[in-house]
Amino acid sequence: MAREPRSGQANPTVTVVVPTLAADETLEECLASLERQTFSDFEVVVVDNSGRQAVRRLGPAGGRVSVISNDRNAGFGAAVNQAFHQSTAPFLAVLNDDATVHPGWLEALLAAMEPRPDVGMCASQVRYASDGSLDSAGMLLCLDGSSKQRGHLKAPASYGRAEEALLPSGSAAFYRREMLEEIGLFDESFFLYCEDTDLGLRARWAGWECLYVPAAVAEHRYSHSSGKASALKAYYVERNRLFVIFKNFPLLDLLLVPFYAMSRYFWHFIYALGGRGKAAEFRQEGSSLVRLAWYIVRGHAELVARFPEILRRRRGIKRRLTTKQFRRLIRRYSISPRQVAAL
């Protein structure tokens with residue numbers, strides 16, 4: 001791992017972490033949007049996971065931007081954790097390299113969180129860069145462990161009110177350092193996808209609140225790096241939703257997971273036949289439903305192999321909520337298996 005020195009503020013209020021793999025023109029646009037922020041007391045840490053120091057092609061880091069260069073793809077969560085360990089800021093923002101933010105993004109997030117010591121996370125209003133529809137207004141949770149974007153494909157105006165959310169999408173999230181120091185950072189074993197869900201649920205168990213901040217607008221080129229429904233994404237999403245449930249779900253809820261999962265698989269199959277949903281996108285990318293079934297089997301096999309490790313991490317979760325309170329919370333922000341398959 002190589003690190004380029006940073007100039008600018010020694011002790012900024014916010015550290016913005018931008019993990020990157022492609023390090024292409026979208027990263028340049030992302031960094032340019034951060035330079036236009038109305039709030040100025042922040043630093044930017046770009047974590048280059050390309051393994052070939054691709055960020056250097058964009059020119060030397062300067063001003064408020066520093067670069068951590070890894071010799072391999074360490075994964076999304078590990079990249080964010082590296083920047084956290086380098087930072088001393090009381091607030092941490094996480095932003096995808098294929099997202100750009102409106103000028104008031106940081107100012108709105110800080111204004112929402114700073115006066116509320118019980119709030120440990122904030123969700124941005126994430127829009128599709130292509131048509132301006134919503135990508136997410138926070139996240140929802142299916143009771144098989146799958147997480148999906150709240151308000152997905154709806155008009156932004158329909159989610160224009162600041163309110164509580166379950167947890168933020170990691171594509172444009174805001175975290176309090178105090179919370180991360182208490183509950184732990186991103187679980188690096190997830191590597192890619194669902195680590196934001198795991199972190200958010202651990203925070204909820206510990207009693208931290210999450211706010212949705214509609215004035216904090218980010219525009220996202222969805223899955224620019226890995227594809228909308230790529231083989232890579234299919235595998236990690238399926239495997240990691242199993243990690244999520246066995247780490248975070250109450251024991252009685254684990255008994256219901258197979259029924260919710262079978263329902264979701266059924267609706268994936270039905271919608272794929274009709275050319276709808278993620279399973280249909282997967283087929284359009286050139287893969288078969290048989291291959292998708294193989295990823296499901298492979299994900300379950302890895303769960304079995306890693307189960308002792310997952311159980312240890314489950315036991316380490318800090319819990320202020322009772323099981324009843326947590327169960328009520330996840331049901332309040334739940335999404336049905338059919339809705340998951342349709343999105």
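Why is helix α2 (residues 76-86) largely enclosed by the rest of the structure? Select residues 76-86 to see. Of the 11 residues in this helix, 10 are buried, so the rest of the structure largely encloses it. Buried here means under 20% relative accessible area. The buried residues of α2 are F76, G77, A78, A79, V80, N81, Q82, A83, F84 and Q86. Keep in mind throughout that this is a predicted model.

**The whole chain**

Now show the whole chain. It has 343 residues, and 58% of them count as buried. Its secondary structure consists of 11 helices and 13 strands. Turn on the surface: the chain exposes about 14,300 Å², with carbon and sulfur atoms supplying 55% of that area. Next, consider contacts between residues at least 6 apart in sequence: 77% of these join residues at least 24 apart.

**Strand β5**

Select residues 91-95, which form strand β5. Five of its five residues are buried, and the strand is mostly covered. Show the side chains. In a regular strand the side chains alternate between the two faces of the sheet. In β5, F91, A93 and L95 point one way, while L92 and V94 point the other way.

Add residues 14-20, strand β2, which pairs with β5 in the parallel sense over four bridges. To find one of these bridges, look for V17, whose partner in β5 is V94.

Then add residues 172-176, strand β12. This strand runs antiparallel to β5, and five bridges join the two. Here L95 stands opposite A172 of β12.

**Strand β7**

Keep β12 on screen and select residues 119-128, strand β7. Nine of the 10 residues of β7 are buried, so this strand too is largely enclosed by the rest of the structure. β7 pairs with β12 in the antiparallel sense over three bridges. In one pair, M121 has Y175 of β12 as its bridge partner.

Now add strand β13, residues 209-220. Nine bridges join β13 to β7, and the two strands run parallel. Find V126 in this pairing: it stands opposite A218 of β13.

Which residue of β8 does V126 stand opposite? Select residues 134-136, strand β8, to find S136 there. β8 and β7 pair in the antiparallel sense over two bridges. The two strands form a hairpin, with five residues between them. In the turn, click on G132, which has a positive phi of about 80 degrees.

**Helix α3**

Select residues 105-113, helix α3. This helix is mostly covered, with seven of its nine residues buried. These are W105, L106, A108, L109, L110, A112 and M113. An α-helix has 3.6 residues a turn, so residues three or four places apart point the same way.

**The cavity**

The last stop is an empty space. Rolling a probe the size of a water molecule over the atoms shows where such space is left. How many cavities of 30 Å³ or more does a search of the whole structure find? The search finds one. About 30 Å³ of space lies in the largest cavity.

Select its lining: D187, S189, F190, F243, K247, R306, E309, I310 and R313. Helices α6 (231-248) and α9 (289-315) are the elements that give two or more residues to this lining. The largest share, four residues, comes from α9. Color the lining by residue class to see three nonpolar, one polar and five charged residues.

Definitions and conventions: Residues are numbered from 1 along each chain as its sequence is written. This is a predicted model: local features need pLDDT of at least 70, side-chain atom pairs count only at pLDDT 80 or more; totals for chains, interfaces and linings use all residues. Side-chain values use heavy atoms; hydrogens and water are left out. Buried means under 20% relative accessible area, exposed over 50%, partly exposed in between (1.4 Å probe, protein chains only). Contact means heavy atoms within 4.5 Å. Accessible areas come from the Shrake-Rupley method with a 1.4 Å probe; for residues, only the protein chains shown count as cover. On a 1 Å grid over the protein atoms alone, a cavity is a set of points where a 1.4 Å probe fits but cannot get out, and a pocket is an open set with protein on both sides within 12 Å along at least five of seven lines; lining residues have an atom within 4 Å of a point. Grid points are joined across faces, edges and corners, and a volume is the space filled by probe spheres set on the points. Ala, Val, Leu, Ile, Met, Phe, Trp, Tyr, Cys and Pro count as nonpolar, Asp, Glu, Lys and Arg as charged, and the others, Gly among them, as polar. Two strands pair if DSSP finds at least two bridges between them.
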